[in-house]
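Please open the model in the viewer and keep the selection tool at hand. The stops below proceed from one selection to the next.

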Amino acid sequence: MGISDHLLGKKNVNGKPHIEAVAPAAALPGGEVRISGRGLRPAELRRPRVQFGEVEGPVVIAADDFVIARVPEGATSGPVVVSTNGASSNALEVKVAIPIAENLHPVTNPALDAEGNIYVTFSGPRGQKVPVAIYQIDTNYNVKPFLSEMMNATAIAFDREGQMYVSSRYDGTVYRVASNGTMSAYAESMGIATGIAFDGEQNLYVGDRSGTIFKIDRQRQTFVFATLEPSISAYHLAFSPAGKLYVTGPTTSSFDSVYEVSPQGEVSIFYRGLGRPQGMAFDVEGNLYVAASLGGRRGVVRLTPDRQAALAVAGHGLVGLAFAPGRAAILATAYPNATGAVFHLSWGVQGKSLLD
């Protein structure tokens, strides 16, 4: 095929476009996916039509062998089809996250209790008290106020007994919160306390974004576990199946790192090259999923144990994720719409229990 034929998109197979792959194969509404194949652009430089189920999505870029299309609002998981010159392609499935709650302000991962209820912060600007600090989203997706008396609720974690812990970046305290919403200080003087996580021995780790990871044992003795480069916003923590702590902390760089911290507190760089990496979670196979951008594309980036990176979910404004029952994930965004939202994605990925 000559250059002019390539430009005019004349390489159709039997007159029909053909899709070979869609990447990533999961997205939030507004996320952009790349559709690869043959004959994907009509002749005379017209744009193809891309259908996500019954809803047409905007085409960002079109060429003969690929199309970048934006997942439209209202789309659901199902087939994506490209049409050119009155002919339609084969269909490949794209999983689309559905919104379950809006008008929130999460700044990192949501958290789930043992019954599957979801907890999300309305963190608010630092030093500003908001009417409700944490909302509960039950399994029918009813959104209810859960906790009011906290400034700048930041990260939420549960211990093995189902007890909730919440950090406040306002006063540097980690609070223990009962099921009726009453709270008491569990650990104080944690600096600008942001991400929190439990290890397999039920020790609590707290990220002071100024540069320190604290370890608090079950007797509530506090130790400096590791030191890192300061973050401009927050540290986000997650434990791998092998018991190592992984930490992200966005800086002013567009080429940030994911840190790996051994049980002895030794820090090394696990992966470098993400833009604004934030909340993280592991699946049962040891893949790490990070809310970040990769090569200028925002979403959830999958990092394999051998450090291979790929965009797994396309979407803007993602700040964190948590795995949910049924091989699903709960995704949190900080914008658009001035406040954030929470989405449910039937993903087909089995998450690692946070308390293994």
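Begin by selecting strand 17, residues 164–168, in this predicted model. The strand is mostly covered, and five of its five residues are buried. Display the side chains next: M164, V166 and S168 point one way, while Y165 and S167 point the other way. In a regular strand, side chains alternate between the two faces of the sheet. On strand 17, the residues of both sets are buried.

Now add strand 16, residues 153–158, to the selection. Strands 16 and 17 run antiparallel and are joined by four bridges. One position to centre on is F158, which stands opposite M164 of strand 17. The two strands form a hairpin with five residues between them. Select G162 in that turn, where phi is positive, at about 85 degrees.

Which strand does strand 17 meet through five bridges? Select residues 173–177: this is strand 18, and it runs antiparallel to strand 17. M164 appears again here, with V177 as its bridge partner in strand 18. Strands 17 and 18 also form a hairpin, with four residues between them. In its turn, G172 has a positive phi of about 65 degrees.

Move next to an open sheet of four strands, whose order is 12-13-14-15 and whose pairing is antiparallel. Strand 12 (111–112) and strand 15 (143–147) stand at the edges; each has a single partner strand, so one side of each lacks a neighbour in the sheet. Within the sheet, select strand 13 (residues 118–121) together with strand 14 (residues 134–137), an antiparallel pair with four bridges. Y119 has Q136 of strand 14 as its bridge partner.

The last stops concern charged side chains. How many salt bridges does the structure hold? There are nine, among them the following contacts.

- Select K144 and D138: their side chains meet in a salt bridge at 3.5 Å, N to O. K144 counts as partly exposed at 38% relative accessibility, whereas D138 is buried at 10%.
- Salt bridges with shared partners also join D159, E161 and R218 into one network.
- Select R49 and E56, whose side chains form a salt bridge at 3.1 Å, N to O. R49 is partly exposed, with a relative accessible area of 46%, and E56 is partly exposed as well, at 39%.
- Select E93 and K95, where the side chains meet in a salt bridge at 3.8 Å, N to O. K95 is partly exposed, with a relative accessible area of 24%.

Terms used. Residues numbered from 1 in each chain as written. Predicted model: local features only at pLDDT ≥ 70, side-chain atom pairs only at ≥ 80, totals over all residues. Heavy atoms only, no water. Salt bridge = Lys/Arg side-chain N within 4 Å of Asp/Glu carboxyl O. Buried < 20%, exposed > 50% of the residue type's maximum accessible area, 1.4 Å probe, protein only. Pairing = 2+ DSSP bridges.
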